[in-house]
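Let's take a walk through this model, starting with its sheet and working outwards to the helices and loops around it.

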Amino acid sequence: MAELLASAEAAETRPAHDGDRSGTQSAGTAPAQNPGSTARVAGVLLDIDETLVDLEGAMDRALREVSAPLLPHLGEDEWVAFCRIFTRGSDDIYDRYIAGEITFAQQRVLRAERCLAHFGSAFDSGAQAAGWLEAYETAQPSYVRAFADVMPFLDALEASGVAYGAVSNNVHDYQRAKLDTAGLQRIGVLVGIDAVGAAKPDPAIFREGLRQLGTSAGETVYIGDNPAHDVVGAAGAGIRGIWLNRRAAVLEDEMAALVRDEVSSLAEIPALLGLT
Ligand SMILES: [Mg+2]
């Protein structure tokens with residue numbers, strides 16, 4: 001479990017486009033046959049990061065705040081570039097953490113150093129890097145917010161008598177605090193990887209979500225931003241998976257063939273499920 005927990009912590013700052021990459025790697029996973037295609041939907045399970053909460057937005061805000069003293073002359077476009085290098089342009093550094101070569105804290109500092117170097121700067125000492133890291137670790141969680149379409153969507157589910165909950169590739173208590181910070185206390189069912197010692201796309205974690213929600217696979221859908229973990233993974237548990245593509249990403253053909261349902265906003269879901 002220790003290895004699993006370490007990965008889960010890292011998932012918090014997984015580069016935002018990682019879902020596409022993971023999708024490519026997992027494209028050979030066979031989905032269940034036409035899961036959940038006809039039954040009335042009684043339950044909705046959701047991913048958390050980049051589905052319910054805007055984690056990249058929180059990362060951006062924290063990165064700019066704690067890095068500004070090091071790069072006082074950056075313009076708006078340059079700050080966007082800085083953040084994108086950190087959140088999407090440092091997969092190789094993150095992979096070194098996954099491989100056990102560096103610690104979670106070290107991968108964060110190394111990613112920051114890459115951003116700084118891009119603009120001709122650097123930490124001037126280990127102490128300065130440690131101070132940056134501490135400030136980032138404090139700031140980032142406080143900036144997590146729910147996406148604007150979340151509350152209306154949950155209202156619609158409640159109005160239709162549909163149960164809902166979250167299944168996340170992170171540990172329960174960390175994600176509980178994140179949902180609460182984002183004003184999502186109303187999401188009572190929350191399954192983390194520590195619930196069953198498994199992470200998406202393992203069917204076991206989805207089945208635990210069904211168990212806690214009290215619905216069957218055939219009458220439940222799963223919604224998430226990562227096609228491999230959230231759509232193909234859910235299908236492996238017999239659950240219809242819906243890809244939430246907030247950033248207009250384009251899938252490679254192999255993965256696209258496995259994603260039957262795609263929306264760009266949660267606002268499209270009630271109509272898709274026939275709830276309106
Ligand atoms: Mg996600």
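Two strands are said to pair if DSSP finds at least two bridges between them. By that rule strand 1 and strand 2 pair, in the parallel sense and over 4 bridges. Keep in mind that this is a predicted model.

**The overall picture**

The protein has 14 helices and 6 strands. Of its 276 residues, 42% count as buried. Take the contacts between residues at least 6 apart in sequence: 68% of them join residues at least 24 apart.

**How the strands line up**

Here are the parallel pairings side by side.

| Strand pair | Sense | Bridges |
|---|---|---|
| strand 1 and strand 2 | parallel | 4 bridges |
| strand 2 and strand 3 | parallel | 3 bridges |
| strand 1 and strand 4 | parallel | 4 bridges |
| strand 4 and strand 5 | parallel | 4 bridges |

To find the register, look for a few partners. Gly43 stands opposite Ala163 in strand 2, while Ala166 has Leu190 as its bridge partner in strand 3. Getting from strand 2 to strand 3 takes the chain through helix 9 (residues 172-181), in a right-handed β-α-β crossover. Over in strand 4, Tyr222 is the bridge partner of Leu45, and Ile223 is matched with Ile242 in strand 5.

**Strand 4, covered on both sides**

How many residues of strand 4 are buried? The count is 5 of 5 for this strand, which spans residues 220-224. Both of its faces are covered: Thr220, Tyr222 and Gly224 sit on one side, Val221 and Ile223 on the other, and all are buried. Strand 2 is mostly covered too, with 4 of its 5 residues buried.

Strand 4 also belongs to a right-handed β-α-β unit, together with helix 12 (residues 227-236) and strand 5 (residues 240-244). Helix 12 has 10 of its 10 residues buried, so it is largely enclosed by the rest of the structure. That includes polar and charged names as well as small ones: His229 and Asp230 are on the buried list, and so are Ala228, Gly233 and Gly236. After helix 12 comes Gly238, which has a positive phi, near 80 degrees.

**Helix 11, buried along one side**

Helix 11 (residues 203-213) has Ile205, Phe206, Gly209, Leu210 and Leu213 as its buried residues. These cover an arc of only 150 degrees around the axis, which puts them on the same side of helix 11. What covers them? The list includes strands 1, 2, 3 and 4, along with helix 10 (193-196) and helix 12. Helix 11 is followed by a glycine with positive phi as well: Gly214, near 80 degrees.

**The nonpolar core**

The largest nonpolar core has 62 residues, and those touching the most other members are Val44, Ala166, Phe206, Ile223 and Ile239. Helix 3 (residues 55-67) gives the most to this core, with 6 residues. Where does the core lie with respect to the two domains? Domain 1 (2-54 + 145-272) and domain 2 (56-142) both give residues to it, so it lies between them.

Val44 makes a handy starting point for looking around in there. Beyond its neighbours within four places in sequence, Val44 is in contact with Leu157, Val162, Tyr164, Val221 and Ile223.

**Two residues to compare**

Tyr164, one of those contacts of Val44, is in strand 2. Is Tyr164 buried or exposed? Buried is the answer, because Tyr164 has 20 C-beta neighbours inside 10 Å and the cut-off is 20 or more. Its C-alpha atom is separated by 5.6 Å from that of Gly43, although the two are 121 residues apart along the chain. Leaving out residues up to four places away in sequence, Tyr164 touches Gly43, Val44, Leu46, Leu154, Leu157 and Ile187.

Gly183 is another case, placed in the loop between helix 9 and strand 3. With 13 other C-beta atoms within 10 Å, Gly183 is partly exposed. For a sense of its surroundings, try Met151: this residue is 32 residues away along the chain, and the two C-alpha atoms are separated by 9.3 Å.

Notes. Residues are numbered from 1 along each chain as its sequence is written. This is a predicted model: local features need pLDDT of at least 70, side-chain atom pairs count only at pLDDT 80 or more; totals for chains, interfaces and linings use all residues. A residue is buried if 20 or more other C-beta atoms lie within 10 Å of its own, exposed if 12 or fewer, and partly exposed in between; C-beta atoms are placed from the backbone. Helices (H or I, at least four residues) and strands (E, at least two) are DSSP runs, numbered from the N terminus. A crossover is right-handed if, with the strands pointing away from the viewer, the path from the first strand over the helix to the second runs clockwise. A nonpolar core is a set of buried Ala, Val, Leu, Ile, Met, Phe, Trp, Tyr and Cys residues joined through C-beta atoms within 7 Å. Domain bounds come from an automatic or database domain assignment. Two residues are in contact if their C-beta atoms, placed from the backbone, lie within 7 Å. The arc is that of the directions from the helix axis to the C-beta atoms.
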